[in-house]
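Hello,

Here is the structure I promised to pass on to you. Please have a look at it first, and then read my notes below.

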Amino acid sequence: MAIKPRITLGLPDHPRCRAMIDSKVGVEGYELDIDPNFVSSGERHYKFLHGEWDVGECSAASLLRAIEKGQELLAIPVFFERGPRQRNIYHCEGKLKHPSELKGKQFGCFRYGATAVVWARGYLLDAHDIKTTDMQWFVSGREVFIGHELPVKVERIDPPPPFGQEKLQLSKMLSEGALHGAVVPGDSGYLGLFGGGETPPMMAAYPGVKPLFEDTEEIIHYTKQTGINPIMHVLSIRREIVERYPDFPGKLTRAFMEARDAATEYMDAKEIAGYAKERDVLGEDPYAYVMGENEKRSLAALNRYQIEQGLMKTMLPMDDLFVGHA
């Protein structure tokens, strides 16, 4: 009996891949060795980009940057969470009358290069003509690296808050007027469209702090009008695995589709209803795991935003980067 090739994966403990983590769904002809144990998504992304596994779920913005810098990585059209980032942009009530007043002001973020922050700055650029260079930038997180080639000076908030309190630090500074706006990682999917989740109560720890944009109908209209539905994280695979096992990417995508279809077993009623509402309102399934026009448009926007923000230099050919189309 032939020994099956062993493929290692670093995956989130997400309802859409739990059936694979629990070995209820597999890939014919391959042995999957899945690691779902992480302190944070950032730890998982860091480990994958530093060679830990054959396949890993990774920050979309970080993955594009890594590929541009020459890492031999490809992507598979599997996205566990998507959704608009308008609700990630916070201010202190009564201190701004219109988003245009952010120009020239001090703006905080968790990490300058975080995917959610890139998407939020891209929204400000496209919807409100606010360029990254129009604001002064501050980071509250212990950012590993702030590039010297950025178009803006990014200052660290000193002393940096303890891990886990970065959002609270930004909320406090907004409330006190030390910052005029801030972008934080927030709630994706249906929560991004309709509101709710853990982030708003955390950011409201200090008086007056609330999302700058929270009109649900406007958020839905913008998403449908632009055809850009932000992709947070994406499944990535090492090029050498694709070359060695050319049948594997397609089989893997189909396995994730099977696991996605079993996801309701791992969701509560509120989640199930939220995702159903998200799909119905958008008029398409954002978790179909395909590279349709919406997905190509969204990823091209992410690439374009990173160039404007000084995080990338070139537009990548998305069609060449994705494999495993089922």
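How many of the 14 residues of H4 are buried? The answer is 11 of 14, so this helix is mostly covered, given that buried stands for under 20% relative accessible area. Please keep in mind throughout that this is a predicted model.

Let me stay with H4 for a moment. Its buried residues are Thr115, Ala116, Val117, Val118, Trp119, Ala120, Arg121, Gly122, Tyr123, Leu124 and Leu125. The length of the helix works out well too: with 1.5 Å a residue, its 14 residues should span 20 Å, and the end C-alpha atoms lie 19 Å apart, which agrees. Just past H4 comes Asp129, with a positive phi of about 55 degrees.

**The cores**

The largest nonpolar core holds 54 residues, and the members that touch the most others are Ile89, Phe107, Tyr112, Leu124, Trp137 and Phe322. Two or more residues come from each of several elements, including helix H2 (41–49), strand S6 (106–109), strand S7 (136–139) and helix H12 (293–308). H4 gives the most, with seven residues. If you want one residue to click on, try Leu124: leaving aside residues up to four places away in sequence, Leu124 touches Ile89, Phe107, Asp129, Ile130, Met135 and Phe213. Another core, of 41 residues, lies apart from the largest one and has Met20, Val55, Leu191 and Phe248 among its members.

**Helix H8**

Which residues of H8 are buried, and which are exposed? In this helix, residues 216–226, the buried ones are Ile219, Ile220, Tyr222 and Thr223. These four cover an arc of only 160 degrees around the axis, so they sit on the same side of H8. An α-helix has 3.6 residues a turn, so residues three or four places apart point the same way. Glu217, Glu218 and Gln225 are exposed on the other side of H8.

The buried residues of H8 pack against H4, helix H6 (189–194) and helix H11 (269–282). Both ends of H8 are worth a look. At its start, a side-chain oxygen of Asp215 comes to within 3.0 Å of the backbone nitrogen of Glu217. After H8 follows Gly227, with a positive phi near 70 degrees.

**Salt bridges**

Side chains of opposite charge can pair when their charged atoms come close. Searching the whole structure gives 18 salt bridges, and here are some of them.

- Arg260 and Asp261 meet through their side chains at 3.0 Å, N to O. Arg260 is buried, with a relative accessible area of 17%, whereas Asp261 counts as exposed at 55%.
- Asp13, Arg18 and Asp22 are joined into one network by salt bridges that share partners. Within it, the side chains of Asp22 and Arg18 meet at 3.9 Å, N to O. Asp22 counts as partly exposed at 34% relative accessibility, and Arg18 counts as partly exposed at 25%.
- Lys131 and Asp129 form a salt bridge at 3.8 Å, N to O. Lys131 counts as partly exposed at 37% relative accessibility, and Asp129 is partly exposed with a relative accessible area of 44%. Asp129 is also the residue with positive phi just after H4, and it is one of the residues that Leu124 touches.

Enjoy looking around!

Best wishes

Terms used:
Residues numbered from 1 in each chain as written. Predicted model: local features only at pLDDT ≥ 70, side-chain atom pairs only at ≥ 80, totals over all residues. Heavy atoms only, no water. Core = buried A, V, L, I, M, F, W, Y, C linked by side-chain atoms within 4.5 Å. Buried < 20%, exposed > 50% of the residue type's maximum accessible area, 1.4 Å probe, protein only. Contact = heavy atoms within 4.5 Å. Salt bridge = Lys/Arg side-chain N within 4 Å of Asp/Glu carboxyl O. Arc of directions from axis to C-beta. Polar contact = N/O pair within 3.5 Å; in protein donor to acceptor, adjacent residues only side chain to side chain. Expected span 1.5 Å × (residues − 1).
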